[in-house]
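Open the model in your viewer and keep the sequence panel visible. This tour goes from one selection to the next and says what is found at each stop.

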Amino acid sequence: MQIPILLFILSIYITKVISECPNACSGHGTCGAYDMCLCYRNWMANDCSERICQFGLAFADTPKGDLDASGDALTGPDEKVVVNSFMYPFGTTEQFPSMTDSEGSILTNSAHY
């Protein structure tokens, strides 16, 4: 009589162990419904193990890199390269917008904002 009860309790513990989130969300999220990780800010993937790169102003012409894999040919600041992606839903460019002065003239050789 004790063996079936013991097996039943053991099966409950095994089910509990199997139904956890993958990799325990890598410490970068919480385990939610249906064993899905809800990642903290700047983390993504099924187990929250991949860090999202910080995008913003940089001291380079191409802060986001070569997004269209064109090699050395960078597209202009007005041409959208990536459109309708998860990371850039409204599109993005490879270069910063052209620097202009108060009269609207384009400035050349301006290093940063």
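## The whole chain

Start with a cartoon view: the secondary structure of the protein comes to 1 helix and 4 strands. Bear in mind that this is a predicted model. Followed along the sequence, the elements come in the pattern α-β-β-β-β.

Now switch on the surface. The protein exposes about 9,100 Å², and carbon and sulfur atoms supply 60% of that area. Of its 113 residues, 13% count as buried. Contacts between residues at least 6 apart in sequence can also be sorted by distance along the chain: 24% of them join residues at least 24 apart.

## Stop 1: the helix and its patch

Select Ile5, Phe8, Ile9 and Ile12, and show their side chains. Together these residues make a nonpolar surface patch of about 380 Å². Click on phenylalanine 8, which lies in helix H1. Is phenylalanine 8 buried or exposed? Its relative accessible area is 52%, and exposed means over 50%, so phenylalanine 8 counts as exposed.

## Stop 2: after the helix

Helix H1 covers residues 2-18, and strand S1 covers residues 29-31. Select glutamate 20, which lies in the loop between them. Glutamate 20 has a relative accessible area of 53%, so it is exposed. Then add methionine 36 to the selection. Glutamate 20 and methionine 36 are 16 residues apart along the chain, and their C-alpha atoms are separated by 8.7 Å.

## Stop 3: the disulfides

Next, show the cysteine side chains as sticks. A disulfide is a covalent bond between the sulfur atoms of two cysteines. How many disulfides does the structure hold? There are 3 disulfides in the structure. With the bonded cysteines counted along the chain, the pairing follows the pattern 1-3, 2-4, 5-6.

Select cysteine 21 and cysteine 31. A disulfide joins this pair, with an S to S distance of 1.9 Å. The link between cysteine 21 and cysteine 31 is right-handed, with 85° about the S-S bond. This pair connects distant parts of the chain: cysteine 21 sits in the loop between H1 and S1, cysteine 31 sits in strand S1, and they are 10 residues apart. Check the two ends on the surface. Cysteine 21 has 8% relative accessibility, so it counts as buried. Cysteine 31 has 43% relative accessibility and counts as partly exposed.

Move on to cysteine 25 and cysteine 37. These two are joined by a disulfide with an S to S distance of 2.1 Å. The torsion about their S-S bond is about -100°, so this disulfide is left-handed. It links distant parts of the chain, with cysteine 25 in the loop between H1 and S1 and cysteine 37 in strand S2 (residues 37-39), 12 residues apart. Cysteine 25 and cysteine 37 are both buried.

Last in this group, select cysteine 39 and cysteine 48. The disulfide that joins them has an S to S distance of 2.1 Å. Why is this disulfide left-handed? It is left-handed because the torsion about the S-S bond of cysteine 39 and cysteine 48 is about -95°. Cysteine 39 counts as partly exposed, at 28% relative accessibility. Cysteine 48 counts as buried, at 0% relative accessibility.

## Stop 4: two residues with positive phi

Now turn to the backbone. Select tyrosine 34, in the loop between S1 and S2. The phi of tyrosine 34 is near 55°, a positive value in a residue other than glycine. On the surface view, tyrosine 34 is exposed, because its relative accessible area is 77%.

Follow the chain to asparagine 42, which lies in the loop between S2 and strand S3 (43-44). Asparagine 42 has a positive phi of about 70°, although it is not a glycine. Its relative accessible area is 26%, and asparagine 42 is therefore partly exposed.

## Looking back

To finish, return to the cartoon and keep the cysteine sticks on. The view should hold 1 helix and 4 strands, along with 3 disulfides. For a last look at the helix, select the nonpolar patch made by Ile5, Phe8, Ile9 and Ile12.

Note on methods:
Residues are numbered from 1 along each chain as its sequence is written. This is a predicted model: local features need pLDDT of at least 70, side-chain atom pairs count only at pLDDT 80 or more; totals for chains, interfaces and linings use all residues. Side-chain values use heavy atoms; hydrogens and water are left out. Buried means under 20% relative accessible area, exposed over 50%, partly exposed in between (1.4 Å probe, protein chains only). A disulfide is a pair of cysteine sulfur atoms within 2.5 Å. Patches are made of residues with over 30% relative accessible area and no salt bridge: like charges are joined within 9 Å, nonpolar side chains (Val, Leu, Ile, Met, Phe, Trp, Tyr) within 5 Å. Accessible areas come from the Shrake-Rupley method with a 1.4 Å probe; for residues, only the protein chains shown count as cover. A salt bridge is a side-chain nitrogen of Lys or Arg within 4 Å of a carboxyl oxygen of Asp or Glu. Contact means heavy atoms within 4.5 Å.
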